[in-house]
Amino acid sequence: MLKVEKRNGMIVDFDGEKIVNAICKAMAETEQGIDEEIAKGIANKAFDTFKNLGIINIEKIQDFVEVELMRERPDVAKKYILYRDKRAKLRKYGWEMTDLQRDIYEKKYRYENESFDEFLTRVSGGNNYIKKAIKDKKFMPAGRILAGRGLDKYGRKITLSNCYVMPKVEDNIESIFDTAKYMARTYSYGGGVGIDLSKLRPRGAKVNNAANTTTGAVSFMDLYSLVTGLIGMKGRRGALMLSMDCNHPDIEEFIDVKNDLNKINYANISVNVTDDFMRAVEEDKDYELYFYVDATGEEIRKIIKARKLFRKIAENNWNMAEPGVLYQDRINSWHLMSEDDSFKFAGVNPCAEETLPAYGSCNLSSINLSEFVKNPFTSKANFDFKGFAEMVREGIIYLNEVLDENINLHPLKEQRELSRDLRQIGLGIMGVADMFIKMGIKYGSEESIELIHHIGKVLVNEALKQSALLAAEYGPFPRYNREAILKSPFLLSNAEEDVLELIKKYGLRNSQLLTIPPTGSISTLIGCSSGLEPIFQISYIRKSESLHGGDTYYRVFTPIVKEYMDKYNIVREEDLPDYFVTTLNLDYKARIDVQAAWQQYIDASISSTVNVPNDFTVEQVEELYMYAWKKGLKGVTIYRDGCARTGVLITDKTNLNRFERIEKLQREINKLIEEHLKENPDVCPMCGGVLVHSGGCAECRDCGYSPCSI
């Protein structure tokens, strides 16, 4: 068998299909287009020419292809040579980047003066398959891995997990403030946090202390928001999700809290809604808010109209883009551990793509689907299922490598223990909208849903298969309960027979495998559409926070649009095909249909913001939430263009004064911290612990707070 020596010294089997793909990619850029027979002929000739050598260097094969193309198709030879040169520059200098992409790379992810190759080696951990996949923009680890992997050898305390969930806050003052301390510790290591407040007694409930009655669950949201604003990270602020059950007596106050733009600026909020509540809304029934206070035996009841509470959620989301909605019963029933009575979710992470137990965490990476489209923008465009399946398997292997490396990098002992016990990972996807455009498919169409189902089946089965094979080698995750796992509706609905047999035989290495995160920074970094979202606009302004110590505004042309317009010499946006849909002209039901199709194959959850136009009504918001529930989503939020709370992505019509108000608030917070440190230089402003001074700065030995991180 002919072997090929790659540039990194690896020896692999000769694969003629790779030659065919490279030639067809060059052919797609020419007027004559693709001729697969010529491409296959050159690949076969290359094999016949070199087969007796045993091992041939990759450069010699590519030189051979150039010569043959000069004979057969000079127009293609030119494109092939240019592509080869581009790849050589990529290996040496890295990706071509816009100013924004360069900012993200330099300010967030590059460590000091490391070269692009050193960056890839560090992030891949020496995994050559992953290193090449990142370089080719087919695969991208999440931000914490990009920013922190390999830095522990320099003494840096950085977790590789993007997100954590704390235990539900217990109804006592110790738990309330312990949670704040654990949050601060987690933020100082770079992780975001989710907290559920549903166990805190409501406003007016009796307490056995000097206060007589409590100020309620909502009153502590300011505390947690302030902690989040205080603890800074490189290139980002702390991220927080606060959630509450829909039957909590303080739920109306919780829903209204974000109406004040000066409150809770550093947290997202979501309401946990049940099937019972949604049915009560449908049937226009009364709904009971109820809380039992263990400490005093007090029962607090309040009867409301379900539709009135539902309308409040919709009105607030219409106006402020919050709260989001989490469909609790769907969350609890659709995952691998759903039949294990010892397992319970405690909440969701800040972007809601990770439903996690108390002290749960997850390290994330995403596959860029758009890079698996062969012959893009042509009538012969098709999806590379074989290459994608291999990428899924390699992604699962990679995330298990990261998980093992990260075991001792979690901020808290409980987080380290749970990571060992459950081995939760989150392999995701991005570039969905770009994939559709490259294939000439309209986002949300029947054809797009059919393609999602084909890809989703490959995604879930290859992920399950690889986790089972890892279990065969290293053993299943410690809390693996064979009987419970094999009863999981998620598993039984998705696993093909051969995969199910592997799981029965070996178990699973991971209790959680798949997710779809928002991928905001990493998708921008490599120039593809984020997560499963449609493209935002043909062009837009992007606000990037914290990269320069302040906010910077960029005019961004969506890369996939520019690529298509350049290819076909299109000047006017009006001349684009009708499958170039954006968030503001896509029917919301089509957007929900896409998410519902993906959710079938995702055992965690999906970060989801449905962008709607300014004239979207409150009634339509209600319809959207109801439709999402019926379609089986785990959660959804809505962003109405031009609403009172401006987002990260903005149009020209958006009022920028909101940003100035947030900046002012941040300056005031920083001023308070500075004043505290001047008066109490050895006392932590977060938890009152001892500040240990070292290297020109200080760090709290109790909670990890450092003024240098702000």
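**Close-up views of a predicted model**

**View 1. A three-stranded open sheet with a helix lying across two of its strands.**
E5 finds its bridge partner in β3, where N57 takes that role. Please keep in mind that this is a predicted model throughout. Strand β1, residues 3–5, and β3 run in the parallel sense and are joined over three bridges. Both belong to an open sheet of three strands, ordered β2-β1-β3, whose pairing is mixed. The edges are formed by β2 (11–13) and β3 (55–57), each of which pairs on one side only. From one strand to the next, the twist averages 35 degrees. Look next for helix α3, residues 58–72, which lies across β1 and β3 and runs at about 70 degrees to β3.

**View 2. Helix α12 packed against helix α25.**
Here we turn to a pair of helices. A packed pair is described by the angle between the two axes and the distance between them. Helix α12 covers residues 275–282 and helix α25 covers residues 618–630; they pack at an angle of about 130 degrees, with 12 Å between their axes. This angle makes α12 oblique to α25. The crossing of α12 past α25 is left-handed. On the α12 side, the contact is made by D275, M278, R279, V281 and E282, which meet Y625, M626, W629 and K630 of α25. Sorted by class, the residues of this contact of α12 with α25 are five nonpolar and four charged, with no polar ones.

**View 3. Helix α12 again, this time with helix α13.**
The axis of α12 and that of helix α13 (residues 306–320) come within 8 Å and cross at roughly 105 degrees. An angle of 65 to 115 degrees counts as roughly perpendicular, and α12 and α13 are therefore roughly perpendicular to each other. From α12, the residues F277, M278, A280, V281 and E282 take part, meeting A306, R307, L309 and F310 from α13. The contact of α12 with α13 holds seven nonpolar residues and two charged ones, and no polar residue. If you have just come from View 2, you will recognise M278, V281 and E282, which also meet residues of α25.

**View 4. The loop after α12 and the hairpin of β11 and β12.**
D284 sits in the loop between α12 and β11. Although D284 is not a glycine, its phi is positive, at about 55 degrees. Its relative accessibility is 35%, so D284 counts as partly exposed. Beyond the loop, strand β11 (residues 286–292) and strand β12 (residues 299–305) pair in the antiparallel sense over seven bridges. Within this pairing, look for Y290, which stands opposite R301 in β12. The hairpin of β11 and β12 has six residues between the strands, and G297 takes a positive phi near 80 degrees there.

**View 5. A cis peptide bond between α13 and β13.**
The bond to find here leads from E322 to P323: it is cis, and its omega is near 5 degrees. P323 is placed in the loop between α13 and β13 (324–327).

**View 6. Two buried asparagines in contact, N363 and N406.**
N406 lies in helix α15, which spans residues 385–406, while N363 is found in strand β16, residues 361–368. The relative accessibility of N406 is 0%, so it counts as buried. N363 is buried too, with a relative accessible area of 2%. Setting aside residues up to four places away in sequence, N406 touches T159, L160, S161 and N363. Although N406 and T159 are 247 residues apart along the chain, their C-alpha atoms are separated by 6.7 Å. With neighbours within four places in sequence left aside, N363 is in contact with residues including I145, L160, S161, L399, V402, L403 and N406. Q424, I425 and G426 are also among the contacts of N363.

**View 7. R423, in the loop between α16 and β19.**
R423 is found in the loop that links α16 (413–422) and β19 (424–430). It is not a glycine, yet R423 has a positive phi of about 50 degrees. With a relative accessible area of 5%, R423 is buried.

**View 8. Stepping back to the whole protein.**
To place the close-ups, it helps to know that the protein has 26 helices and 27 strands. Of its 710 residues, 56% are buried. Among the contacts between residues at least 6 apart in sequence, 72% join residues at least 24 apart.

Definitions and conventions
Residues are numbered from 1 along each chain as its sequence is written. This is a predicted model: local features need pLDDT of at least 70, side-chain atom pairs count only at pLDDT 80 or more; totals for chains, interfaces and linings use all residues. Side-chain values use heavy atoms; hydrogens and water are left out. Axes are lines fitted to C-alpha atoms, for helices over the stretch in contact, and angles run from 0 to 180 degrees between N-to-C directions. Helices (H or I, at least four residues) and strands (E, at least two) are DSSP runs, numbered from the N terminus. Angles under 35 degrees count as roughly parallel, over 145 as roughly antiparallel, 65 to 115 as roughly perpendicular and the rest as oblique. A crossing is left-handed if the near helix is turned anticlockwise from the far one by less than a right angle, and right-handed if clockwise. Contact means heavy atoms within 4.5 Å. Ala, Val, Leu, Ile, Met, Phe, Trp, Tyr, Cys and Pro count as nonpolar, Asp, Glu, Lys and Arg as charged, and the others, Gly among them, as polar. Two strands pair if DSSP finds at least two bridges between them. Buried means under 20% relative accessible area, exposed over 50%, partly exposed in between (1.4 Å probe, protein chains only).
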